[in-house]
Structure formats: C-alpha cells, structure tokens
Amino acid sequence: MFAARFDPTQVFEATEEPQAAKVVPLKRTRSTEDDSDDEEEVEETKEEEPEEEPEEVAEDTNDGESESASDEESESKSSSASASEDAAGSGDDDRHNTVMSRFHQTLSLQDKLKARGLTAEEESEKAADGSAAAEQTEETTHALEQIPQPDVVNNSEVAKSAVAESRSTAWINTKRVYYDSSMVKPFAEYKDQLTPKLLQNIQNEFSTDTFPIQSILLDTVLPVLNRSLQLTKKNLTRRVGDMLINASTGSGKTLAYSIPIIQALSGRTVSRLRVLIIVPTKLLIQQVFDTLNKLVKGTGITITTAKMDQSLREESRKLQLSEPDIFITTPGRLVDHLNSNSISLKNLKFLILDEADRLLNQSFQNWCSELMTTIQHDKLDKLPGNVVKMVFSATLTTNTQKLHDLHLYNPTLFMTDSVKLYNLPRTLQEINISLPTAKSMYKPLFLVHLLPLLESDSKLIVFVKSNEASLRLATLVNIILEKMHTKDSISVESFNSNNSRAQNRKLVSEFSTSSDGKMNVLITTDIMSRGIDISNVTAVINYDVPISSQQYVHRCGRTARAGASGQAFNYLVGKGERKFWNQQVSSAISRDVDGLEPFSWAKKSEKQDAEGDVDMDDTVDPQTIANHEKIVTVTDEEESLYKEALGELKDMVLK
Ligand SMILES: Nc1ncnc2c1ncn2[C@@H]1O[C@H](COP(=O)(O)OP(=O)(O)OP(=O)(O)O)[C@@H](O)[C@H]1O
C-alpha cells in the first residue's frame, strides 16, 4: 500500500528513455499538479496519504506555525517540482542534485521544526503529513515511529455487501435447482420409482402428499438412482452426485433424504454400513431414528444409533458384531468409533449431514477431516465422488471453506428462489414486543403477562440464552404463578443440559404428548432450537434475543411446522435490541410474498425508524396497543408480589 520508502543514498536507477525523474514532491497541493505523470504519481500516492489532506490538518490546527510550515513545504515542493522538470531535460548529475537538494530540504525542515520546539508528536505528525522525503528525515533523525494510521472504517454497508458477495459466490460453481411451495404431489405418483413396501410405509406413517423439498429431491434423484441400481452399481455415486439442500424449518428434510437412501438399500442382500447420518445433537439422533424406523418396516434394513447412554466399548462391540445398513451418530461419537475401528466405511454409499451448518461449525476432534480421511482410506474406489454426500440445513452455510472440507463432487444446490438465503415458514406470524429499558427488571413478569393472552392449552417454547437462565426463569415464573394462584392451569418446566438425559427425554415426551388441557411452557436454550420436531407447538417466545439470523430461523422453526400455523414472540428491550433485531436478524430473512409480515406490540407514542423503534401511528390495531399495555403494566400489588417472588428465588438459590 505504501510506496517503497524513498532512500537518497540509493543510486537512482536510470530508466530506458530519458524522462522526468520520478520525484515525489515534498507536499502536494492541487495547483501544482500540471504534469500527468505527476498526477498519476500523486494519484497513486494520494491513496497512500493519511486520511486528512495535509492542508486541512494545517488549517484545522491553525496554530500559525504549521500553516507557515505548510507554506514552507509547498514552496520547497514547487522548487522540487521545478527541479524535477529541470532534471527531465539534463543528465544524471542534475538528477542526483535534485535528490540531494530534496534531502537537504527535509533536513532543514526538520531543523526548523526542532527550532519551533514542536512536540515530538507534532513533529512526527508534520513529518508524516509531508512526503517520503519528510518521512526520510523522520527516519534518519528519529527512532522509527509508527506513522499515524487512518482510522479503521467500520462501514457496516461495506461489511454487509461483503457478506452478500460471499453468499452469492459461495456456490458459484454449483448447479442450482430451484423449487417453490407449489411443488407438491401425491406420493402415489412415485409408485414406479419406489418399492411397494416403502411407498406403503410413507403413506401409512406420514402422508399421501409430498412437501416441495421432497418432490424436487425425489424427482431429481430417484430416476438416476433406480437406473444405476438396475444397470450397474458401478459409479452409482458419481451419477447421483452430491447435493446441498437449503430448505426452511419444518419442511420435511428428514423424509426428503430418508426416502432415497432406503430406496437405494432396497436391493441389498447383506447388511453393510452403506449410510452414515450425522446430526449435531443426541436429541436429533432419536428423532431421525424414529422417522427411518417407520420407513424400513418390512424391508429388513437395519439401523443403529450411537445411543450415548452406552459405553463406547459396548457400542463398538455391537457394531462389530452386527454391521448395520444405516448408522446415525453425532460427530464426536463418530470420531470415537473411527479411532477405535468399530466401523468400516469401505461400503459407504451415502453420507447425510443434517443441520449441516451447525455440524460444520463444530470441530469435535476435527471430525470432518477425520471422516474424509477414513473414507479415502477404507474405500477401494479412491476417486472423487465415491460417496454421495447430502448436506441439509434451513440455514445452509455459505462458508466455502467449510463446504470445501467436504470434497463435494459435482454438487447440485436445491433452494427456493427467494430473495435472501434464509426463509421462514409462510404460516409463521412474528410479533415483536417492545419492552421499555427502564422496566427490564420486570421481564419475567412480562413473560407471565403474555400467557393469559394465548390459548389456555397452548404449547409454548421459551428460548433463553443459557442453562442457568432457563432454570432460574422457570423457577421464578412458577413462584409467581403460585402467588397468582394460576399455577394449576399452567405447567412450566426448564429443559436444559444440566438435567439428566432421562429427565430431558421425559420432559420432551410429556410436552409433545400433553393433552391435559393445560398450558405447557418449556423454557430452554438453543439445544432445542435445531431440528426438534414437536407437533402443535403453538408459539415460540424469544425471551432473550437470538444472536444471529440462523439461530432465529431455527428457534422460530419449532413452530409453524409441516404447514401448521404458529407464532413467534420476540421480547426486545429498548432501542438497542429492536435495532439489532431489525438490522442483524430480520434483514437476512426472506418472507414469502404470501407469507405473514412481522408486526409489533408497543406503546403508541414510540416512533419506528431504521433504528428499530416501533411506529404505532393511529392506523395500528388498538388491540395490539392494548396487548402491549397488558404486558408492560405492573400494578402495585404485582410489584410487591414480584419482589416477594424474587426474595424466595434468592433464598432457594442460596440454600
Ligand atoms: N410429506 C409430508 N406430509 C406431512 N407431514 C410431513 C411430510 N414430510 C414430513 N412431515 C412431517 O413434518 C414434520 C417436520 O419434518 P422434519 O422434522 O423432517 O422437518 P425439517 O425440515 O427437518 O425441520 P428442521 O429444519 O426443523 O429440522 C415432521 O413431523 C414430519 O413427520
């Protein structure tokens, strides 16, 4: 970025054709730029100038002295400029004279500065504001000091465009297949492409009609897959190729990948590990297993899960005793098995990454490169494309490096033709609740105030930022409800990783199957934001603001699944959180044209602008204003009740 530092002691290199010596004038003002070379020179070096123009700095500081210094410099510059013009017409001697004269000028300038008793900072500033020669002086007369650098420009627009750029180039060499919500068809249309048993299991256990992502994937994969199975399995994986699937939450991705892999296994005779499914959490292992188990009924296909509540040794022994067709695991456990040689990948045909962006952000024992290395080691076919890789997420990563680590072969990208990368279900209604900063200590009470506004038998998932927050909030809400005598009709539990696995499984099962007419509230962390498929979740409450648009998409995706409607309430404290949600979360999300637009509950007087406040003009539905008032109004009686509850919570914690 900076031109090579000018060094008068170096012999000046003669150029081929006689031309004006490239002398960087001491100080540049626009009036003296009369030569294109010089202008270029100035152009070039202009980029290297510190942010402020030297003249402005002199004028701004305007201590009289620096002005005359700049006059001095401009004088010496014009003399050096004329010197350079002279040098243009004469031989080397003059050129050296020019160089030496400039050197002396900088030395004299330095002496003058010293004479004026300018502080070291001003000196170095003046020296830095000058030209290379002045810098040279600084170098020869001072210990080297950092030249003042231009301020770092935190231009969010630049950053945003960079992100948009990286997103748009992430898959620049990938074939794209677009799909939309109209692509739904009866599964019966695949009767010639699916085994009768598989088709029957789909229709009996899931549905008679596809979801869009299932249609597009089956239409693309099944013909190639079946042709390869009938003709020759050789090169089957390369004919199918790798796939990247970006599909919104609750859109049926699990079934979308389960159907083709079970169809591919239908012709096998002996169980060999041909399918590896990797998911980020233990909860998802069980869920994917349940889906596959329904589909393999009557097919003889075997599935093993990394159960986690068995020792690695026990699990390894079982895997070696009877090799399954399909193995479902988390990354960490997979590496354990690879390292203990309990599984062989020599027969592997399909690798499925579910919640891929989360997986690729996890570096458990460097699982991805461990896996890729073992595939290459175990498989006889070492050429690219020796395994079909299917990469799924509602927020597919655009990090080309992470995708690169997967060694994708001729990948096809399946995505909706939406404006932005992330999509929310069109049946999801988002509601922002503006909480006044001054009242943020009552936030737990504001959560309790929301409950009576919802259906009495609602199933609610409340997302908070940590396990401890989940436990504390659930305890406090229960104390408050007890004091309000409404505890009997509302069950509030904390689902967090401090609980035992058995406890959490019981909580999810009771929450999923609750039909006691009560309101069920599960207060949890993002451990439940990915992939967890619980039917009929009425609403998600983002009690703590999500840290990214991806996290927001996955949290909201716990409701409005499989075409059902759902709500997402976002608690936004003060202008800061509103601005964050508007600019960092919502801005990266596409909402279908016929989807539901977010709206706000807030005080009438607040004004909304790009800064994220809320505009409640007269046209707003009075009900939303009334709802907001119900949430943020704290009566005196409630205030004392709340303080008692806080006291009880404190005593419990201190016990
Ligand atoms: N064709 C279908 N018709 C009806 N329901 C379906 C269909 N396919 C899947 N489902 C159901 O839709 C729900 C969501 O499916 P799934 O969990 O696979 O969604 P997903 O896209 O993986 O969501 P997430 O991104 O949150 O993991 C499940 O209960 C599943 O049984």
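Below is a short chat about a predicted model, its ligand and its two sheets.

Biologist: What should I keep in mind before reading values off this?
Modeller: This is a predicted model, where local features need pLDDT of at least 70, side-chain atom pairs count only at pLDDT 80 or more, and totals for chains, interfaces and linings use all residues. Residues are numbered from 1 along each chain as its sequence is written, and side-chain values use heavy atoms, with hydrogens and water left out.

Biologist: OK, how many residues surround the ligand, and which are the closest?
Modeller: The ligand is surrounded by 21 residues, counting a residue if one of its heavy atoms lies within 4 Å, and the closest are K253, T254, D533, R558 and R561.

Biologist: How does that shell divide into nonpolar, polar and charged?
Modeller: There are five nonpolar, 10 polar and six charged residues, where Ala, Val, Leu, Ile, Met, Phe, Trp, Tyr, Cys and Pro count as nonpolar, Asp, Glu, Lys and Arg as charged, and the others, Gly among them, as polar.

Biologist: And which helix gives the largest share of the shell?
Modeller: That is helix α11 (residues 253–265), with three residues; helices here are DSSP runs of H or I with at least four residues, strands are E runs of at least two, and both are numbered from the N terminus.

Biologist: Which atoms does the ligand's nitrogen or oxygen sit by?
Modeller: Taking polar contacts as pairs of N or O atoms within 3.5 Å, a ligand nitrogen is 2.9 Å from a polar backbone atom of D209, a ligand oxygen is 2.8 Å from a polar backbone atom of G250, and an oxygen of the ligand is 2.5 Å from a side-chain N or O atom of D533. Taken alone the ligand exposes 630 Å², of which the protein buries 86%, by the Shrake-Rupley method with a 1.4 Å probe.

Biologist: Switching to the sheets, what is the order in the one with eight strands?
Modeller: That open sheet runs β1-β8-β2-β7-β6-β3-β5-β4 with parallel pairing, two strands being paired if DSSP finds at least two bridges between them. Its edges are β1 (175–179) and β4 (303–305), and each has a single partner strand, so one side of each lacks a neighbour in the sheet.

Biologist: How do β3 and β6 join, and what does α11 touch?
Modeller: Strands β3 (residues 275–278) and β6 (residues 350–353) run parallel and are joined by four bridges, and the bridge partner of I278 in β6 is L353. Helix α11 packs on the sheet, touching β3, β5 (326–329), β6 and β7, with contact meaning heavy atoms within 4.5 Å.

Biologist: What about the seven strands?
Modeller: They form an open, parallel sheet in the order β12-β13-β11-β14-β15-β10-β17, and its edge strands, β12 (490–495) and β17 (599–601), each pair on one side only. Strand β10 (residues 428–435) pairs with β17 over three bridges in the parallel sense, and N432 has S600 as its bridge partner in β17.

How values were computed: Polar contact = N/O pair within 3.5 Å; in protein donor to acceptor, adjacent residues only side chain to side chain. Axes fitted to C-alpha atoms, helices over the stretch in contact; angles between N-to-C directions.
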